[in-house]
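Student: I would like a close look at one part of this model, and at what lies beside it. Please keep it plain.

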Amino acid sequence: MLDNTSQLLLRNIDFLSGKVLLVEPMADRLAAELKQKAPELELFCLTSNFAVANNWQQQSKSPCYLGDALPADLTVDKVVLFYPKSKDQLQSSLAQIKTALNDKTEVYLVGDNKGGIKSLGNQAEKLGLKAFKHDNAKHCLWFELDGLLQSELKTSEFHEFSIEKAGISLKLCSLPGVFNHGKLDLGTNLLLEHLGHIQQGKVLDFACGAGFIGAFLVKRHPEIKLTASDISTFAVSSTAATLKANKLPGEAIAADGIPSRSAAYDHIVSNPPFHTGLKTDYHISEQFFRDAFNELKPGGTLTLVANVHLPYVAQLTEIFGQVKELGRRDGFVVYYCKRDRK
């Protein structure tokens, strides 16, 4: 199945020729569709999303670059940038691709109307660029962007800020596009108040973002063996920078889902995502809960925070047998589950 943005790209496939770089595409079947509909195109992919990278490699033998750098010798004829969920990330993504442009490269942007692309004209103007709308369909927009090669845009640097919680002081580092960039969100703030049972053992901070949770736990209990994982390489870099800034041990890795360690974790803690793109997707949470159960040691715990409206109690009860509510505030609730020792 194709995301609406991918469908709009295929609708405008005549704009594409030669070497084509797709930046931050969706985790759908676009690579396979392009291979079938336009086999003459030489495709390249740049993504910060580990799932997209895996998906791309399964569908296409075309190069896919995971992270924040393109090969220095890569120059392309066309670029299609999928408009990011974070407006702060747009400037950094545009700066990323400048090394792959020449004076004839055409740059296009595609995005969902609900994702903010309607304001691209104003954003482009503030960046010294010009945006021209070519198409509007599937509740999405298709723009051409002019002036990028001549611009002075730079990739984003870490935003550093400090928090203090329960007597623990931390310096946090985050990049644009990372969940709650530059601030501690209400859900995580509540979760940090209900982690007293996590004092030792192997701990996974799943969907780690800027590393708030894992850093907090290790700072309070240095004997914890921390693994932090996220689907976003920007988040992984942010967490690694946070751990380094506080001189804390731990590994930060990119992973699509829970890193499999064969039931090795004593505790899993998370403020997990519940979206696929812009849409709520309960299959994500259910898969996460099942994987958490399988990857916990017998007697291990899962502690997470979620919006109160999400139907997690039924899912968690089905998988773990029982679920406890540890706290509730500001529209969020903290759940605690324990894997049976059998």
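Student: Is the crossing of helix 1 and helix 2 left-handed or right-handed?

Tutor: The model is predicted, so local features need pLDDT of at least 70 and side-chain atom pairs count only at pLDDT 80 or more, while totals for chains, interfaces and linings use all residues. Residues are numbered from 1 along each chain as its sequence is written, and side-chain values use heavy atoms, without hydrogens and water.

The crossing of helix 1 and helix 2 is right-handed (the near helix is turned clockwise from the far one by less than a right angle; anticlockwise would be left-handed). Helix 1 covers residues 4-11 and helix 2 covers residues 30-37 (helices are DSSP runs of H or I, at least four residues, numbered from the N terminus). The two pack at an angle of about 15 degrees, and their axes are 11 Å apart (axes are lines fitted to C-alpha atoms over the stretch in contact, and angles run from 0 to 180 degrees between N-to-C directions). That angle makes helix 1 roughly parallel to helix 2 (under 35 degrees).

On the helix 1 side, the contact is made by Ser6, Leu9 and Leu10; on the helix 2 side, by Leu30, Glu33, Leu34 and Lys37 (heavy atoms within 4.5 Å). By class, this contact has 4 nonpolar, 1 polar and 2 charged residues (Ala, Val, Leu, Ile, Met, Phe, Trp, Tyr, Cys and Pro are nonpolar, Asp, Glu, Lys and Arg charged, the others polar).

Leu30 of helix 2, which meets helix 1, also lines the largest cavity (on a 1 Å grid, points where a 1.4 Å probe fits but cannot get out; lining residues have an atom within 4 Å of a point). The whole structure has 1 cavity of 30 Å³ or more. The largest cavity holds about 40 Å³ of space (the volume filled by probe spheres set on the points). Besides Leu30, its lining includes Met26, Ala27, Asp28, Ala31, Val52, Asn55, Trp56 and Gln59. Helix 2 and helix 3 (50-59) each supply at least two of the lining residues, and helix 3 gives the largest share, 4 residues. The lining divides into 6 nonpolar, 2 polar and 1 charged.

Technical notes
Parallel < 35°, antiparallel > 145°, perpendicular 65-115°, else oblique. 1 Å grid on protein atoms, 1.4 Å probe; cavity = no way out; pocket = protein on both sides within 12 Å on 5 of 7 lines; lining within 4 Å.
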